[in-house]
Amino acid sequence: MENNDLKVNVTSSNGLMEFLTELGKALTASGISVVDITSILEKIAQAYDAKAEILVFPTMLLLKIGEQESAPLNAAIQKPGLLPLNQVSEIYDLIYLAEAGKISPIEGKKCLRKILSEKHKFGPLGILFGYILFSMGIGMLLQPTPEQLIVSGVLGAIVGILLIFSRGRTRFLLILPVVAALIVTSLSILGVKYGLVTGSVAMLLPALAYFLPGATLTTGMFELAYGEIISGASRVIYGTAILFLILFGVLVGIQITGISQQNFLVTNPLNALGWWAPYLGVFIFAMGMYLFMSIKNKDLPWVILILYIAFFGQQAGNHFVGGVFGAFSGSLLMTISGTIIERLDHKTPSIVSIMPAFWILVPGALGFMSLATLVSQNYFTAITDGIMVAMTIVAISLGLLIGAVITEPLKEMEII
């Protein structure tokens, strides 16, 4: 017992508790599932010959080191937000060192704080131009008319300015989806009302795509499937609430401008740009993510590769089987490919290469469209779309889960 107490005291004095706590908070802010966060922290604790009991929630972390009842216990609360992907990549470089025991907890804590203090690679202008490309790339996936594509870029610029203004303003971030939806909807409808542009609610999706909680809903379903009931359920509820907040902003915008809901909420894909538009749109979207989410240069080629793998996997599944299988096949292929890439020399973390692909699979956009049809009082279509949304999210989550099972042996291998 004395030896165990000594190990606990030494571990605590060496800063392992503080290091794991701060690392857990950073990983939570990276958008990683609680399943992966728990696994990472447990592996690091084992590398330092410590026994750790870890309980992770989307906004809270509980950590105990040592096997005794009186062992140190720590708790931390994570504020909402999303880290730039260059910081996420560097955090994983630190994780690789810690899992191998090649850095002390004290040095690891200092390194982590240095990483989190880094600024966005491209600054406000990078965020602005990145979001314009992000919005236009999503717009090309919807195959709009040329004028609608221009509208996507203009509305994307407005949302980009709002995102820049909201940096560091936690309270404003909470209402940002509503504010953005209200402004984007109002401007779009005024353009339609005065004959400046033709279109429907589909014009809103590219500019608002960042707020659509497709990744949150999918991660929540993944955690539910993995047995993390509290975390999974809270993410699903949160994602659903965000959808309703966006819809509220859209409806207020419609009411302010006085256009018929039935006319504006009808969507008709036009395929006006040609068959090549979605393929080019993926690349434009990738460059937008590079600037907007501050992706490291070494990670960019692999992000682009995973985006196309997810896109072609989805397209192939759609063609040969159907939409739900397309979502599953795209998710499965991107998960397997992301893990393989992570184990290569390049060491691009799978979360960095996979995260942008969630917007290509667009479950959040499907959810928004189902709510839009509900508001237009087309209840049968709304129920049908809602079921398809649920099945799409389940399909993507299942792809993530099966992909994780298939690649589990790779995760046990040492990185080359």
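This is a short tour of one protein model, from its overall make-up to a few single residues.

Keep in mind that the model is predicted. Let's start with the whole chain. The protein has 416 residues, and buried residues make up 54% of them. It contains 20 helices and three strands. Now take the contacts in the protein with a separation of 6 or more. Residues 24 or more positions apart account for 75% of those.

Next, the core. The largest nonpolar core has 108 residues. Which residues have the most contacts inside it? They are Leu 23, Leu 27, Ile 44, Ile 91, Tyr 92 and Met 334. Pick Ile 44 and look around it. Leave out its neighbours within four places in sequence, and Ile 44 touches Phe 19, Leu 20, Leu 23, Ile 95, Ala 98 and Glu 99. Apart from this large core lies another one, of five residues. Met 140, Leu 149, Ala 277 and Ile 284 are among them.

On to the aromatics. Searching the whole structure gives 19 aromatic pairs. Here is one of them, Tyr 131 with Phe 292. The ring centres are 5.2 Å apart and the planes stand at 75 degrees, so this pair is edge-to-face. The two residues come from distant parts of the chain, 161 residues apart. Tyr 131 sits in helix H6, residues 123–141, and Phe 292 in helix H13, residues 277–292. Buried or exposed? Tyr 131 is buried, at 0% relative accessible area. Phe 292 is buried too, at 7%.

Compare a second pair, Phe 222 and Tyr 226. Their ring centres are 5.7 Å apart with planes at 50 degrees, so this one is tilted. Phe 222 counts as buried, at 7% relative accessibility. Tyr 226 is partly exposed, at 47%.

Back to Tyr 131 and Phe 292. Both belong to a cluster linked by ring pairs. Its other members are Phe 134, Tyr 210, Phe 211, Phe 285 and Trp 359.

Now the two helices themselves. How do H6 and H13 cross? Their axes come within 7 Å, at an angle of roughly 160 degrees. Angles over 145 count as roughly antiparallel, so that is the label for H6 and H13. The crossing is left-handed. Many residues meet here. On the H6 side they include Gly 126, Gly 130, Tyr 131, Phe 134 and Gly 137. On the H13 side they include Gly 281, Phe 285, Gly 288 and Phe 292. Met 140 of H6 and Ala 277 and Ile 284 of H13 also take part. You heard those three names before, in the five-residue core.

Next, a charged residue. Asp 93 lies in helix H4, residues 85–99. Asp 93 is partly exposed, with 27% relative accessibility. Setting aside neighbours within four places in sequence, what does Asp 93 contact? Lys 296 and Lys 347. Asp 93 and Lys 347 are 254 residues apart along the chain, yet their C-alpha atoms are separated by 7.9 Å.

Last, two backbone oddities. Asp 49 is not a glycine, but its phi is positive, near 55 degrees. Asp 49 falls in the loop between helix H3 (34–47) and strand S1 (52–57). Ser 294 also has a positive phi, about 60 degrees, and is not a glycine either. Ser 294 is in the loop between H13 and helix H14 (300–320). Their surroundings contrast. Asp 49 is exposed, at 54% relative accessible area, whereas Ser 294 is buried, at 0%.

Key
Residues are numbered from 1 along each chain as its sequence is written. This is a predicted model: local features need pLDDT of at least 70, side-chain atom pairs count only at pLDDT 80 or more; totals for chains, interfaces and linings use all residues. Side-chain values use heavy atoms; hydrogens and water are left out. A nonpolar core is a set of buried Ala, Val, Leu, Ile, Met, Phe, Trp, Tyr and Cys residues joined through side-chain atoms within 4.5 Å. Buried means under 20% relative accessible area, exposed over 50%, partly exposed in between (1.4 Å probe, protein chains only). Contact means heavy atoms within 4.5 Å. Rings of Phe, Tyr and Trp (its six-membered ring) pair if their centres lie within 6.5 Å; planes under 30 degrees apart count as stacked, over 60 as edge-to-face and the rest as tilted. Helices (H or I, at least four residues) and strands (E, at least two) are DSSP runs, numbered from the N terminus. Axes are lines fitted to C-alpha atoms, for helices over the stretch in contact, and angles run from 0 to 180 degrees between N-to-C directions. Angles under 35 degrees count as roughly parallel, over 145 as roughly antiparallel, 65 to 115 as roughly perpendicular and the rest as oblique. A crossing is left-handed if the near helix is turned anticlockwise from the far one by less than a right angle, and right-handed if clockwise.
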